[in-house]
Amino acid sequence: MNMTLVDLAFYAVAAILLTCAGYAVFSRNIVRAVFALLGTFFGIAVLYGMLSADFVAAIQVLVYVGGIQVLLLFAVMLTSHIESAQTSSRVAGLIPGLLTGIVLLAILVPLMLHAPWLQSGAGSYQATTASIGEALLGPALLPFEVLSIVLLGVVIGAVVVARRQGNDEDLSGESGEAE
Amino acid sequence: MSQVSLEHFLVVSAVLFTLGVICIMTRRNAVAILIGIELLLNAAGLNLIAFSRFNDKLLEGSVFVLFIIVLAAAEAVVALALILALQRRLRTVDVDQTNTLKG
């Protein structure tokens, strides 16, 4: 069995990705967990690239690393007192959680390895961006437009929920005034 | 020829999914639970791309995963807003302590 460079790259990326994910899951420090998630997101993007999904890989980096990562960091910085012990997330129910994880792994991995997956062979490597654009404005136009409505709703909803309501306790008077 | 097959990607995705489930079950910080949800979504996306790649239907899988990524971003935005509101009203993001319906 000779390992090609692609195999080596896959195993290296998978190892980094899963190590980072494990650190994000088990680290007591929530700031470190969020930064460890960076490695996971980048690793997934590399795997997308290895699967020749170039556009999705680029979007993964843009949205996850540029957007969700920053949002998570904002959430951490705005909610926890960085200097105090509150930063570390309390871990509760570790035993049931780990037990569920082991059972899930024991079911999933043999299933993934031995199930007779439908494989009609991989196509050739080619750029997908143009065909994705045509699909989004053709067969997938309706979900694409619905998604834009969803995003609008999300923006408005997030602003309404996170809006600072003058006095924090005085919610009822504030909302009555707004109506 | 590369020996990385569909199963390789599926196993990575399965481990990632399991880690996400463990994260959601053990953490009590709302932000950490959000991290677990992102891991689950990434595992699902990796599965979709892997299946579509090895069946020569990469286009369909890519469109699916793009929608998943957009919805994950939307979900993260709403969750952040909720966590901020939670922090402002109850002074905690520990989900075990947020047990009141009317603040």
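This is a short chat about chain B and its contact with chain A in a predicted model.

Visitor: What is chain B built from, in helices and strands?
Guide: Chain B has 3 helices and 0 strands, and when read along the sequence chain B follows the pattern α-α-α.

Visitor: And what does chain B span along its principal axes?
Guide: The C-alpha trace of chain B spans about 60 × 25 × 20 Å along those axes. The radius of gyration of chain B is 17 Å, whereas a compact globule of 103 residues would have one near 13 Å.

Visitor: How many of the residues in chain B count as buried?
Guide: The share that counts as buried is 56% of the 103 residues of chain B.

Visitor: Switching to the contact with chain A, how many residues does each chain give?
Guide: Chain B gives 65 residues to the contact, and chain A gives 76 residues.

Visitor: Which elements of chain B give two or more residues to that side?
Guide: They are helix 1 (6-26), helix 2 (30-53) and helix 3 (58-90) of chain B, and the largest share of the side that touches chain A, 24 residues, comes from helix 3 of chain B.

Visitor: How do the residues on that side of chain B divide by type?
Guide: On the side of chain B that touches chain A, 45 residues are nonpolar, 10 are polar and 10 are charged.

Visitor: Back inside chain B, what share of the contacts between residues at least 6 apart in sequence join residues at least 24 apart?
Guide: Among those contacts in chain B, 47% join residues that are at least 24 apart.

Notes: Residues are numbered from 1 along each chain as its sequence is written. Chains are lettered from A and ligands numbered from 1 in the order in which they are written. This is a predicted model: local features need pLDDT of at least 70, side-chain atom pairs count only at pLDDT 80 or more; totals for chains, interfaces and linings use all residues. Two residues are in contact if their C-beta atoms, placed from the backbone, lie within 7 Å. Helices (H or I, at least four residues) and strands (E, at least two) are DSSP runs, numbered from the N terminus. Ala, Val, Leu, Ile, Met, Phe, Trp, Tyr, Cys and Pro count as nonpolar, Asp, Glu, Lys and Arg as charged, and the others, Gly among them, as polar. The radius of gyration is taken over C-alpha atoms; the globule rule is 2.2 Å times the number of residues to the power 0.38. A residue is buried if 20 or more other C-beta atoms lie within 10 Å of its own, exposed if 12 or fewer, and partly exposed in between; C-beta atoms are placed from the backbone.
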